[in-house]
Amino acid sequence: MSARRAFFTLAIGAVCLLFAFPILWLMLTSLRPQSGVYYVHRGLEFTLDSYVHVLHEERIVQAFLNSGLIATAATVFSLIVTVSSGYMLSRFRGPIASTWFGAIYVFRCVPYISWVLPLYFVTQSWDIYDTYLGLLLPHIAVHICFFSWLMKGFFDGIDPSMEYAALIDGCTRWGAFFRVALPSAIPAIAALAVLCWLFTWNEFLFALILTGQRTPVITVVMAQFVHEMGIEWHLMSATAVLALVPAFVLTLFGQRYVIRGLKI
Amino acid sequence: MENKARWLGERERFTLLLIAPAAILMLLFQVVPIVIGANASFRDWALNDPKKTWVGLEHYRHVLSDPAFLQVVLPNTFAFMVLSVALSLVLGLALALLLNRPFRGQKLVQTVLLLPLMVAPVIAAIMLRWMFNDQFGIINVLLEAIGLEGQPWLTQRWSAFGAILLTDVWLWTPWFTLLLLAGLQSLPKEPFEAAAIDGASRWRVFRHLTLPMLRPVIVVCVVIRSIDAFRTFDIVWTLTGGGPARSTELFSLYAYVHAFLNLDFGTGSAAAIVGGAIILVVGMALYRVLDRVVRVSP
């Protein structure tokens, strides 16, 4: 029995190490001085120089601020939009509901590239290319399908009889939605908020195509690093670690909501 | 009678208002661009010289007869989709089964497993790119330490493809694990107790109880992941840039390269639409399966 226990512990340990290793290695690299970065596995000099250097780069700091701002705004607005759409999908039957559900499923399948390429022209002709708005609005749109679907699942799990009771007692439909359904969906909304913030913070393709010099975001700046200064691994690792920090903090605090929220 | 009709109207108005903001956003930022893209795919639309003259199916003919698209991009994309989903499903299921029992440190293990979920694909690709670096990467250092020869991983087609696949599996296995673990924990206990009393072997319990009861969750996971894996862009772009010699390009990258590097928006759009049509068919087929196993539509 104890042999099996040891095997179990060993297996779990190995798996954890395997999953954490790339991140640990990145952190280790970011702490090495420039001279030692190619031999991360050798030597024991550590320094925070790379972080200092990175945080003095105006463009990188700007990118962090932009990413944070866009992710936060996108989270707020996509929640407003998708919670009501998910509620509708869960509570109503009929032609409107099934048409909307079909549309959501079809658009969920459409690859991003098919609508992000022309979005380049759309945002330019509406004069919002390379601005906050030009990145924010597509980001809200991109999550509608998936989040409406998730939200429908959450509302399906909430007993609607309280809302019916409220309606019978003279509450309006809006009242039943805002005062009865919404408060009981708060854990699900929290899960969605965490996911939405992470998705937007981590998103790359939209930002690559829809932003230029004026509105740098962090993922694009990092990818440019790779292609333009592919040898400065210490700076790149430091930037990547810094980009991981907000996501990590959010995940840590939102973990229990996310785990509950990931249940289908 | 009149009263009832008015009540129905009010109900319809309410449902429409609930979806109105979402529908308007989708119209402006998904439908409109897709229509523009479809229009552009029939026109001579160079980014630096947009003549916008009608060329009919010229771009589609070009894409569908491009050996790079038929012999590299499409096989790559499908191989990537199938392998990535299959590997992360098997690994994720194994981990979920391993974790599906109380033990000390479970919270810690769960947190570690959550790590890849919060990592941006771009960052994951940067990490792996550094680890697979041919001169200084830790993988080659370790290989040389045990007397093997280091490989230029990212400059050979299949090892580069393998690195892309590995990054994706690393990113998404935890997602499968968490969803399947949640599924496992919500299964009823009685059948398992009955099986234990009957003395069924672990394999038989897994094969005839766990797997069938878990099927709805597995199907949903596989459908969602397959659609997303098909359009993977960030990892490839950051890890190999589609190289060496465009041999690891997936479909999204192919469309991007045509539109923004070759400055041929018409061909890029045609490629995007061809790929979109393919995944729509695949997605619909998967949806049929899903709908048969668990009813999801209203």
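# A helical two-chain model

Chain A of this predicted model contains 12 helices and zero strands, so that reading along the sequence gives the uninterrupted pattern α-α-α-α-α-α-α-α-α-α-α-α. Along the principal axes, its C-alpha atoms occupy a box of roughly 75 × 70 × 30 Å. Of the 264 residues in the chain, 48% count as buried. Among the contacts of chain A with a separation of 6 or more, 77% join residues that are 24 or more positions apart.

Before turning to details, it is useful to consider confidence. The model as a whole scores ipTM 0.87 and pTM 0.88. For chain B the mean pLDDT is 86, with 96% of its residues reaching 70 or more. Within chain B, confidence is lowest in α1(B), where the mean is 82, and highest in α3(B), where it is 92. Residues 1-7 of chain B call for caution, for pLDDT stays under 50 over this stretch, and the model gives these residues zero contacts beyond four places in sequence.

The helices of chain A offer two places to look more closely. Helix α1 of chain A, which covers residues 2-31, has a kink of about 45° at F21(A), shortly before the proline P22(A). That proline is itself one of the buried residues of α1(A), a set that also includes I12(A), V15(A), F19(A), I23(A) and L26(A), and that continues through T29(A), S30(A) and L31(A). Further along the chain, helix α6 contains L150(A), a residue that counts as buried because 20 other C-beta atoms lie within 10 Å, the cut-off for burial being 20 or more. L150(A) and Y39(A) are separated by 111 residues in sequence and, from C-alpha to C-alpha, by 46 Å in space.

Chain B is divided into domain 1, residues 1-40, and domain 2, residues 58-293. The centres of these two domains, taken over C-alpha atoms, are separated by 35 Å.

The two chains come together over an interface in which 73 residues of chain B are in contact with 73 residues of chain A. On the chain B side, the greatest contribution comes from helix α1 (residues 2-40), which gives 18 residues. By class, this side of the interface comprises 56 nonpolar, 13 polar and four charged residues.

The largest nonpolar core has 165 residues, and the members that touch the most others are M222(A), I123(B) and A124(B). Helix α6 of chain A, residues 132-156, supplies the largest share of this core, namely 15 residues. Because domain 1 (1-40) and domain 2 (58-293) of chain B both give residues to the core, it lies between them. The surroundings of M222(A) can be followed residue by residue: leaving aside neighbours within four places in sequence, M222(A) is in contact with T239(A), A240(A) and A243(A) from chain A, and with V122(B), I123(B) and I126(B) from chain B. I123(B) thus appears both among the core members that touch the most others and among the contacts of M222(A).

Helix α11 of chain B, residues 251-261, is largely enclosed by the rest of the structure, because nine of its 11 residues are buried. These buried residues are F251(B), S252(B), L253(B), Y254(B), A255(B), Y256(B), V257(B), H258(B) and A259(B). The elements that cover them come from both chains, and include α5 (112-125) of chain A together with α3 (67-99), α10 (234-239) and α12 (265-293) of chain B.

The loops on either side of α11(B) also deserve attention. In the loop between α10 and α11 of chain B lies R246(B), whose phi is near 60°, a positive value in a residue other than glycine. R246(B) counts as partly exposed, because it has 16 C-beta neighbours inside 10 Å. In the loop between α11 and α12 of chain B lies L263(B), which follows just after α11(B) and has a positive phi of about 55° although it is not a glycine. L263(B), with 15 C-beta neighbours inside 10 Å, likewise counts as partly exposed.

Note on methods. Residues numbered from 1 in each chain as written. Chains lettered and ligands numbered in written order. Predicted model: local features only at pLDDT ≥ 70, side-chain atom pairs only at ≥ 80, totals over all residues. Helix = DSSP H or I, 4+ residues; strand = E, 2+ residues; numbered from the N terminus. Buried ≥ 20, exposed ≤ 12 C-beta atoms within 10 Å, placed from the backbone. Contact = placed C-beta atoms within 7 Å. Domains from an automatic or database assignment. Core = buried A, V, L, I, M, F, W, Y, C linked by C-beta atoms within 7 Å. Nonpolar A, V, L, I, M, F, W, Y, C, P; charged D, E, K, R; others polar. Bend = angle between axes of the 7 residues up to and from the residue. pLDDT = per-residue confidence, 0-100.
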